[in-house]
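Me: I'd like a close look at one part of this model. Pick a single element, tell me what surrounds it, and then work outwards from there.

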Amino acid sequence: MSPALPAARLDGMEPVLELKDVARTFPRGIVALQQVSLSVGAGEFVAVMGATGSGKSTLLHCAAGLDRPSSGSVRLAGREISRLRERPLTRWRRDRVGFVFQSYNLLSELTVRQNLALPGRLGGPRRRGIDEVLAAVGLQGTGSRPVGELSGGQRQRVAIARALVTGPSVIFADEPTGALDPTTGGQILGLLRRAVDRDGVTVLMVTHDPVAAAWSDRLVLLRAGTVATDAATPDAPAIADRLRAVSTAVAA
Ligand SMILES: Nc1ncnc2c1ncn2[C@@H]1O[C@H](COP(=O)(O)OP(=O)(O)OP(=O)(O)O)[C@@H](O)[C@H]1O
C-alpha cells in the first residue's frame with residue numbers, strides 16, 4: 001500500500017463497515033444491542049440517534065473495535081474484527097480508524113503538533129502531513145501552542161486533525177459537538193462533512209442533536225438496541241419528529 005494514499009481511497013466498492021446480526025449483552029441480562037445489521041459504504045456520513053440507553057455508544061464501540069459483540073460479526077475496512085485478538089485489533093484500529101469524542105481526548109500539556117505526532121510515535125501510519133491537516137481544520141500557525149491553552153472549539157479541531165493525520169477509513173465521532181456552542185459545533189460538523197466530501201472518509205457519528213445529525217447523509221435511529229429506521233437524512237425538524245416517535249414508542 002502506498003503510504004501517501006488515504007486508506008479511504010483503497011477500500012473500493014466493498015462496504016467499509018459491515019455489522020451483521022450484532023448483539024451485545026451485559027451482565028444481569030442487560031441487552032444493549034440485538035440483531036443490528038448495518039452496511040456503510042466509503043464516503044458515507046452516518047448519524048446514529050435514539051433515546052438515552054437505546055444502544056448508540058455500544059453500537060459505536062462494537063463497530064470501532066473498542067468493544068466486542070456477544071454475537072454477530074463486524075467487518076471494518078475489509079477485515080472481520082469481532083473475534084480478532086487484542087494486539088492485531090489494536091493495530092487495525094490504529095491503522096484504519098480515527099476517533100473524535102465529546103471530551104477531545106487530547107494531552108493538554110503537549111503542544112498541538114506533539115498531539116498530532118502521537119499516533120505516528122505509537123506506531124500508527126501518517127498518511128498526511130501535520131501542516132496539511134492543521135490547515136484543513138483552520139489551525140495553521142497554532143502547532144507550537146499547548147493544547148491546554150486552546151478553546152473547546154479549537155481543541156475539537158485538533159482532535160479532528162489528529163484523526164485525519166493517519167488517513168483513516170472511518171472516523172467514529174461520539175457527540176463531537178456535545179460540549180460546544182451551536183456556532184462552533186456547526187464549524188466542527190462542517191469539517192467532518194469536508195473530510196467525507198473531499199477525502200472520501202466515512203463518518204459514523206452518535207449525536208443527540210437533530211441539527212448536528214442534519215449534516216449527515218444517512219440517519220440510523222435506534223430503539224431499545226435495534227435499528228428502528230435507517231434512511232436518507234431529512235432536515236432537522238423532521239429528524240426531531242422521528243426521534244420523538246421512536247423515543248415515545250419505547251416509553252409507551
Ligand atoms: N459497561 C456496561 N455494563 C453494563 N451495562 C451497560 C454497559 N454499557 C452500556 N450498558 C447498558 O446498555 C444499554 C445501552 O447503553 P448505551 O450507552 O449504548 O446507550 P446510549 O444510547 O449511548 O445512551 P446515552 O444516550 O444515554 O449515552 C443501557 O441500558 C446501558 O445501561
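Reply: In this predicted model, the buried residues of helix 5 pack against five elements: strand 6 (97-101), helix 3 (112-121), helix 4 (130-136), strand 7 (170-174) and helix 6 (182-199). Helix 5 itself covers residues 152-165, 14 residues in total. From its first C-alpha to its last it reaches 20 Å, close to the 20 Å you'd expect at 1.5 Å a residue.

How many of the residues of helix 5 are buried? The count is 11 of the 14, so helix 5 is largely enclosed by the rest of the structure. If you want to pick them out on screen, they are Arg155, Gln156, Arg157, Val158, Ala159, Ile160, Ala161, Arg162, Ala163, Leu164 and Val165. Note that the buried set includes Arg155, Arg157 and Arg162. After the helix comes Gly167, with a positive phi near 60°.

Leu164 is a handy probe of what sits around helix 5. It counts as buried because it has 26 C-beta neighbours inside 10 Å, against a cut-off of 20 or more. Leave aside its neighbours within four places in sequence, and Leu164 is in contact with Gly98, Arg128, Val133, Ala136 and Ala195. For a sense of scale across the model, the C-alpha atoms of Leu164 and Leu219 are separated by 23 Å, with these positions 55 residues apart along the chain.

Now for the helix 3 side. The buried residues of helix 3 are Val112, Asn115 and Leu116. They cover an arc of only 95° around the axis, which puts them on the same side of helix 3. What do these buried residues pack against? Their partners are helix 4 and helix 5. Just after helix 3, Gly123 takes a positive phi of about 95°.

On to the geometry of that pair. Two packed helices are described by the angle between their axes and the distance between the axes. For helix 3 and helix 5, the angle is about 35° and the axes are 8 Å apart. Helix 3 passes helix 5 in a right-handed crossing. At residue level, Val112, Asn115, Leu116 and Pro119 are what helix 3 brings to the meeting, while helix 5 brings Val158, Ala161, Arg162 and Val165.

Zooming out to the core: the largest nonpolar core has 67 residues, and those with the most contacts inside it are Val48, Ala63, Ala161, Ile171, Leu192, Val203 and Leu204. Helix 5 gives the most to this core, with 7 residues. Ala161 turns up again here, having already appeared among the helix 5 residues that meet helix 3. Val203, another of those with the most contacts, is in contact with Phe45, Val46, Ile171, Ala173, Leu192, Ala195 and Val196, once its neighbours within four places in sequence are left aside. Ala195 is also one of the contacts of Leu164.

Further out, there's strand 9 (218-223). Val220 lies in strand 9 and is buried, with 24 other C-beta atoms within 10 Å. Not counting residues up to four places away in sequence, Val220 touches Leu38, Val46, Val48, Val227 and Asp230. Val46 is shared with the contact list of Val203, and Val48 is among the core residues with the most contacts. Val220 and Ala231 are 11 residues apart in sequence and 6.7 Å apart in space, C-alpha to C-alpha.

A longer-range pairing involves Ala51, in the loop between strand 3 (45-50) and helix 1 (56-64). Ala51 is buried, with 20 other C-beta atoms within 10 Å. Its C-alpha and that of Arg223 are separated by 7.1 Å, although Ala51 and Arg223 are 172 residues apart along the chain.

Finally, two backbone spots to inspect, both with positive phi in a residue other than glycine. Phi of Arg28 is near 65°, and Arg28 lies in the loop between strand 1 (17-26) and strand 2 (30-40). Phi of Ala224 is near 50°, and Ala224 is in the loop between strand 9 and strand 10 (226-232). As for their surroundings, Arg28 is exposed, with 5 other C-beta atoms within 10 Å, whereas Ala224 counts as partly exposed, with 17 C-beta neighbours inside 10 Å.

Note on methods: Residues are numbered from 1 along each chain as its sequence is written. This is a predicted model: local features need pLDDT of at least 70, side-chain atom pairs count only at pLDDT 80 or more; totals for chains, interfaces and linings use all residues. Helices (H or I, at least four residues) and strands (E, at least two) are DSSP runs, numbered from the N terminus. The expected span of a helix is 1.5 Å times one less than its number of residues. A residue is buried if 20 or more other C-beta atoms lie within 10 Å of its own, exposed if 12 or fewer, and partly exposed in between; C-beta atoms are placed from the backbone. Two residues are in contact if their C-beta atoms, placed from the backbone, lie within 7 Å. A nonpolar core is a set of buried Ala, Val, Leu, Ile, Met, Phe, Trp, Tyr and Cys residues joined through C-beta atoms within 7 Å. The arc is that of the directions from the helix axis to the C-beta atoms. Axes are lines fitted to C-alpha atoms, for helices over the stretch in contact, and angles run from 0 to 180 degrees between N-to-C directions. A crossing is left-handed if the near helix is turned anticlockwise from the far one by less than a right angle, and right-handed if clockwise.
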